[in-house]
Amino acid sequence: DGFGLLAGSVQYNHPVAPGLSLYAGINGTGNFYFSESQFNLAQASLNLGGSYRRAIDTFALTYAHGEIILDGDRYRSSDGVALEWRRQLAPTTTISVTPQYARIDYSGDNDVRNANFYALGFGVRHGWLGPWQPVLNASIYGGRERDIRDRPDLGRGIVGAAADVTVSPSPFWAFNAGIAYLRSDYDGDIPLLAITRKDDNYVLSLGALYLIDRNWSTRLEYQYQRNDSVLELFPCQRNLVMLKLRYDFK
């Protein structure tokens with residue numbers, strides 16, 4: 001179905017000492033479908049934290065609360081903490097390590113999906129000085145979503161990888177391409193089926209950004225997503241095209 005999207009965010013950063021700063025932010029997104037309104041989706045999040053930079057190392061600790069509203073009703077909430085360590089290896093090269101934990105709570109009959117989530121990610125960012133100024137971001141990660149309602153078929157282990165490249169042929173234009181892969185291995189057989197779910201998810205994305213002026217920008221995005229599964233219920237393909245207009249208060 002076609003849809004309209006409305007999104008906004010506010011982020012505040014406050015230096016408190018040399019190398020030390022505190023930050024807080026709120027974000028919200030709403031997807032409103034033209035025909036299939038029962039799938040209208042709203043997401044909101046709050047984050048609080050602080051960062052400390054010493055020489056080439058930066059440490060950041062963040063608490064985040066998130067809410068998902070489906071068709072006007074609360075679907076899922078989460079509370080989590082993440083610790084990030086970034087090291088500047090060179091003027092245009094940074095590596096990072098990010099352990100995180102979250103408690104995920106579902107509403108109504110979906111509460112059998114309540115889980116504790118643990119993950120660890122490794123990332124690298126590298127830029128090249130010169131024409132088009134290409135920048136590469138790459139990451140690998142692994143984690144476990146452990147169901148707490150004695151439903152191992154709803155818990156899973158995950159491993160994934162992602163990479164994207166951005167180029168800027170002019171101060172006003174930027175182009176981006178990315179790929180991502182996620183493997184999900186569930187912990188137990190689905191009741192009555194005696195089959196353990198295993199999924200492979202693939203995502204390809206392309207984007208073009210144009211800076212209209214110092215405040216306004218527009219972005220055209222395309223995303224292809226495919227999910228493969230050992231169960232016939234879960235394989236699917238999705239094509240998504242979005243045209244966005246953004247305003248930044250500076």
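The side chain of Asn215 reaches the backbone oxygen of Asp248 at 2.8 Å in this predicted model. Asn215 sits in the loop that joins S11 and S12. Its relative accessible area is 15%, below the 20% cut-off, so Asn215 counts as buried. Leaving aside residues up to four places away in sequence, Asn215 touches Arg246, Tyr247, Asp248 and Lys250. Asp248 thus appears both among these contacts and as the partner of the Asn215 side chain.

Two residues touched by Asn215, Arg246 and Tyr247, recur at the second largest pocket. This pocket has a volume of about 780 Å³. Its lining comprises 22 residues, and the closest to the centre are Ala7, Lys244, Leu245, Arg246 and Tyr247. Strand S1 (3-17), S12 and S13 each contribute at least two lining residues. S1 provides the largest share, with eight residues. By class, the lining of the second largest pocket holds twelve nonpolar, five polar and five charged residues.

The largest pocket has a volume of about 1,600 Å³. It is lined by 41 residues, of which Tyr75, Arg76, Tyr106, Glu145 and Arg156 are the closest to its centre. Many strands take part. At least two lining residues come from each of strand S3 (41-54), strand S4 (57-70), strand S5 (73-90) and strand S6 (93-106). The same holds for strand S10 (173-189), strand S11 (196-211), strand S12 (216-229) and strand S13 (236-247). S5 supplies the largest share, seven residues. The lining of the largest pocket divides into 19 nonpolar, twelve polar and ten charged residues. S12 and S13 each supply at least two residues to the lining of the largest pocket and at least two to that of the second largest pocket.

A further set of contacts centres on His126. This residue lies in strand S7 (residues 115-127). Its relative accessible area is 23%, between the limits of 20% and 50%, so His126 counts as partly exposed. The side chain of His126 makes a polar contact with the side chain of Thr93, at 2.5 Å. Beyond residues up to four places away in sequence, His126 touches Thr92, Thr93, Pro134, Val135 and Leu136. Thr93 therefore figures both in this contact list and in the side-chain pairing, where the N or O atoms lie within 3.5 Å. His126 and Pro91 are 35 residues apart in sequence, with a C-alpha to C-alpha separation of 9.1 Å in space.

Note on methods: Residues numbered from 1 in each chain as written. Predicted model: local features only at pLDDT ≥ 70, side-chain atom pairs only at ≥ 80, totals over all residues. Heavy atoms only, no water. 1 Å grid on protein atoms, 1.4 Å probe; cavity = no way out; pocket = protein on both sides within 12 Å on 5 of 7 lines; lining within 4 Å. Points joined across faces, edges and corners; volume = space filled by probe spheres on them. Helix = DSSP H or I, 4+ residues; strand = E, 2+ residues; numbered from the N terminus. Nonpolar A, V, L, I, M, F, W, Y, C, P; charged D, E, K, R; others polar. Buried < 20%, exposed > 50% of the residue type's maximum accessible area, 1.4 Å probe, protein only. Contact = heavy atoms within 4.5 Å. Polar contact = N/O pair within 3.5 Å; in protein donor to acceptor, adjacent residues only side chain to side chain.
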